[in-house]
Amino acid sequence: MIRYAYIIPFLPLLSFFINIAVGKRLPRKGDWLCLGTIAIGLAMSIGIFYEVFQAYDPNFRYHVVFPWLTVGDRALFNTGILIDNVTAVMLLVVTIVSTLVHLFSIGYMHGDPRYSRYFAYLSIFSFSMLGLVLAESFLFIYIFWELVGLSSYLLIGFWFEKKSASDAGKKAFIVNRVGDFGFLIGILIIYATCGVLGYDQVFLAIGEGKLSGTLLTLAGIGVFCGAIGKSAQFPLHVWLPDAMEGPTPVSALIHAATMVAAGVYLVGRVYPMFTPDAFLFIAWFGLITLFLTATIALAQNDIKKVLAYSTCSQLGYMIMGLGVGGYTAGLAHLTTHAAFKACLFLGSGSVIHAVHSQDIQEMGGLRKKMPITFVTFLIATLAISGVPGFSGFYSKDMILGAALEFGMKSGNPLHMIFFIGALFTAGLTAFYMFRLVILTFFGAPKDHHKFDHAHESPPSMWVPLVILAGLSFSIWYSGWFGTLVQKPKSVADLAGMSASAPVVPMEHAAVMAPAPHAEAAPVKEGAPDASRGPSSHGTSAPAETPHAAGLAVHGESHEGASRDAEHDAHLAHTAHTYAMYSSVAVGTLGIFLAFMVYSFGWINPDRVANAVKPLHNFLQNKWYFDELYETTVVNGSKALSRGLAWFDMHVVDGLVNLTAQLGVFLSFLVGKFDDYVVDGAVNGLASATTGSGSILRRLQTGKLYHYVFVLAGGAVVIFLIKAF
Amino acid sequence: MTLDKLLIIAAALFCCGLYTVMTRRNAVAVLMGVELILNATNINFVAFSFFLTRVMGGQIFAVFVIVLAAAEAAVALAIFLRMFSTTGTVEVDSADQLKG
């Protein structure tokens with residue numbers, strides 16, 4: 001099955017072309033075609049995942065390369081597919097969510113005038129996303145990166161008659177361009193130094209030391225900029241909430257489960273190339289995002305906006321998890337989040353479909369009317385809140401554990417903020433998610449007219465909800481995920497080492513003191529990543545030893561690796577235990593608080609909001625980010641444009657006009673020259689001719705004897721000349 | 001009879017012809033002067049031919065000239081007739097319409 005993996009992305013591409021061309025004339029407007037192709041993809045992904053799972057090998061890799069652009073006999077760029085355990089999981093995630101969203105959309109988009117085009121767009125998105133997952137080089141991930149950006153733009157602005165929707169599409173696209181620019185610079189740095197773009201080739205080149213030090217950090221940060229844009233991280237998070245203008249299933253598929261996770265996937269994909277500095281950069285942005293967007297989510301009243309900010313926040317968790325060295329943790333959260341957040345979004349779609357409103361202040365009591373939606377929504381909410389037994393607990397706990405471990409190992413006490421911030425935000429998450437659930441499904445209906453019209457959605461809409469809710473239990477993930485998805489060795493650490501160095505078996509690594517420390521820690525069942533985690537932060541290329549010594553605050557020194565490894569393992573265990581207890585405690589506290597405020601009425605939310613009115617306004621207005629960008633970036637570029645327009649109108653146009661006037665003046669001069677000199681010469685010649693003619697005509701008397709006389713005289717003269 | 005005398009006669013005849021052409025206003029008289037000039041030439045032809053060469057080239061040329069003179073007189077007289085019928089005169093001074 002894995003040999004046919006390349007077919008998976010092309011199936012949706014086929015259905016895209018068919019649907020965009022003749023979709024309107026197909027029976028049922030071609031929705032079955034798109035659903036069918038993605039369902040085949042799902043089946044194949046399951047097959048691939050089954051094969052990968054059968055192998056059960058942390059180092060499983062299936063890598064096919066063939067030349068794509070060849071100059072002479074030198075292959076400049078390769079294409080191909082790379083499937084390792086992460087890819088297999090991502091394939092499964094993308095195809096499952098995509099299939100379910102297709103299914104959901106059949107009910108949700110029923111009767112839309114551009115029904116077939118909607119499905120065509122879903123197909124092109126599926127194609128791009130699957131291509132992105134399978135890509136094996138920076139070049140191809142960038143191509144598909146832009147393609148998912150395009151499909152996101154098309155789908156956000158799907159109802160483009162609404163100005164807000166078309167504006168949101170443009171905003172998403174433009175904001176993403178900012179991040180993609182950084183990504184492109186990162187890729188260009190890599191290509192300029194390494195000369196290749198395949199992941200493996202690049203890692204090999206970095207391992208050989210072609211790219212190292214600050215430039216490597218910059219390349220890593222550049223690539224991470226792409227993730228900042230696509231995964232809606234802190235400075236560029238503003239587009240994601242606005243993207244909720246698109247149809248809700250699209251929000252579930254693109255803006256919750258898959259595309260926004262592409263940034264996280266990218267960071268995971270190129271994980272070996274990040275330097276400790278780059279990791280710290282990533283972790284800080286993750287932390288800022290997860291805290292900032294969670295606080296905004298507290299004060300939003302639009303059901304989709306709350307979910308959008310919670311998505312930002314959860315993506316921040318993933319990014320921070322990767323940044324603090326929790327490779328497995330970040331990708332696990334990506335996987336679990338895809339399921340429960342898609343479930344939440346589709347659930348919100350079901351609610352919106354029922355009550356025709358997005359304002360949670362107008363809802364309430366819907367659990368009686370929509371039992372299935374309620375139960376699935378509740379399960380997904382428990383998962384995102386990190387309640388034990390649900391998937392969110394499993395992955396978020398790993399991230400918190402990794403953060404705590406990072407903080408404990410780091411000599412810098414400031415780095416404990418990663419754990420504290422994430423823990424606090426876990427409480428906030430539980431609070432705002434339960435606020436959402438309580439206001440939507442519990443209590444008395446606030447708008448009776450809307451409540452009376454509410455009804456449970458058709459099976460095509462609730463079946464996906466049930467499946468996704470089923471996938472929100474931790475039983476699906478715990479165990480194998482930690483074993484199969486393990487942190488790759490950092491090639492940044494290996495830079496400068498001889499390429500032929502034998503791979504050190506893990507048991508012996510401890511006694512070989514100068515060996516790369518990423519190998520040093522023994523694998524521990526359950527949380528293998530974190531035990532191997534931040535140790536890589538402490539090591540660096542021998543060539544940069546002074547630098548590494550400066551960074552040794554993160555980890556251990558070179559001698560005594562054996563003792564440190566045991567210590568690390570112990571530390572990791574302690575960290576995870578503490579993280580687990582504290583996250584459960586904080587989560588429970590958040591849930592309890594939500595019930596206290598919104599259900600039992602012990603605390604009046606309005607009074608609290610009034611008491612801290614400036615803060616509430618601040619949060620409700622999303623930290624005034626839009627206003628800030630409006631005044632700085634948008635108005636700044638407008639002012640710049642005006643300045644440029646002025647320059648264009650006055651200086652450039654002035655130059656052009658000056659040239660024109662010079663031309664006119666010169667033409668005037670030339671005209672005068674023509675009039676007086678050239679024409680004068682011609683006229684002068686003519687008048688000279690007539691003048692001389694009028695003189696010479698007198699010679700022609702017409703008198704015959706004159707002529708004869710001249711003739712004879714001439715003859716005489718000739719004779720006289722000849723004679724003498 | 002020597003060449004000199006013949007040449008003198010021819011030159012005198014030529015001068016008479018030239019004088020006639022230059023002074024007469026009547027077209028017919030001018031034509032007659034031209035005939036004199038032609039005949040002076042003929043005398044030269046024949047004289048040179050007789051005294052300087054022993055071939056008959058000059059005499060034959062003189063015959064040609066006589067024939068041409070006849071043709072010329074015919075054409076010229078025809079022109080004069082036309083001229084007379086249009087302008088009512090054969091004065092050569094009056095035929096100056098082509099004067100610039």
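Q: What makes the radius of gyration of chain B stand apart from that of a compact globule of 100 residues?
A: Chain B has 17 Å, while a compact globule of 100 residues would be near 13 Å. The radius is taken over C-alpha atoms, and the globule rule is 2.2 Å times the number of residues to the power 0.38. The C-alpha trace of chain B spans about 50 × 25 × 25 Å along its principal axes. A word on the source: this is a predicted model, where local features need pLDDT of at least 70 and side-chain atom pairs count only at pLDDT 80 or more, while totals for chains, interfaces and linings use all residues. Residues are numbered from 1 along each chain as its sequence is written, and chains are lettered from A and ligands numbered from 1 in the order in which they are written.

Q: Why is Lys29(A) called buried or exposed?
A: Lys29(A) has 21 other C-beta atoms within 10 Å. A residue is buried if 20 or more other C-beta atoms lie within 10 Å of its own, exposed if 12 or fewer, and partly exposed in between, with C-beta atoms placed from the backbone. Therefore Lys29(A) is buried.

Q: And what makes Arg28(A) partly exposed?
A: Arg28(A) has 13 other C-beta atoms within 10 Å, so it counts as partly exposed. Arg28(A) sits in the loop between α1 (7–22) and α2 (31–55) of chain A; helices are DSSP runs of H or I, at least four residues, and strands are runs of E, at least two, numbered from the N terminus.

Q: What is notable about phi at Lys29(A)?
A: Lys29(A) has a positive phi of about 55° although it is not a glycine. Most residues other than glycine have a negative phi.

Q: Why is α11(A) called roughly antiparallel to α14(A)?
A: The axes of α11 (residues 259–269) and α14 (residues 327–355) of chain A come within 10 Å and cross at roughly 155°. Axes are lines fitted to C-alpha atoms, for helices over the stretch in contact, and angles run from 0 to 180 degrees between N-to-C directions. Angles over 145 degrees count as roughly antiparallel, under 35 as roughly parallel, 65 to 115 as roughly perpendicular and the rest as oblique. So α11(A) is roughly antiparallel to α14(A).

Q: Which residues of α11(A) meet α14(A)?
A: They are Ala261(A), Val264(A), Tyr265(A) and Gly268(A). Two residues are in contact if their C-beta atoms, placed from the backbone, lie within 7 Å.
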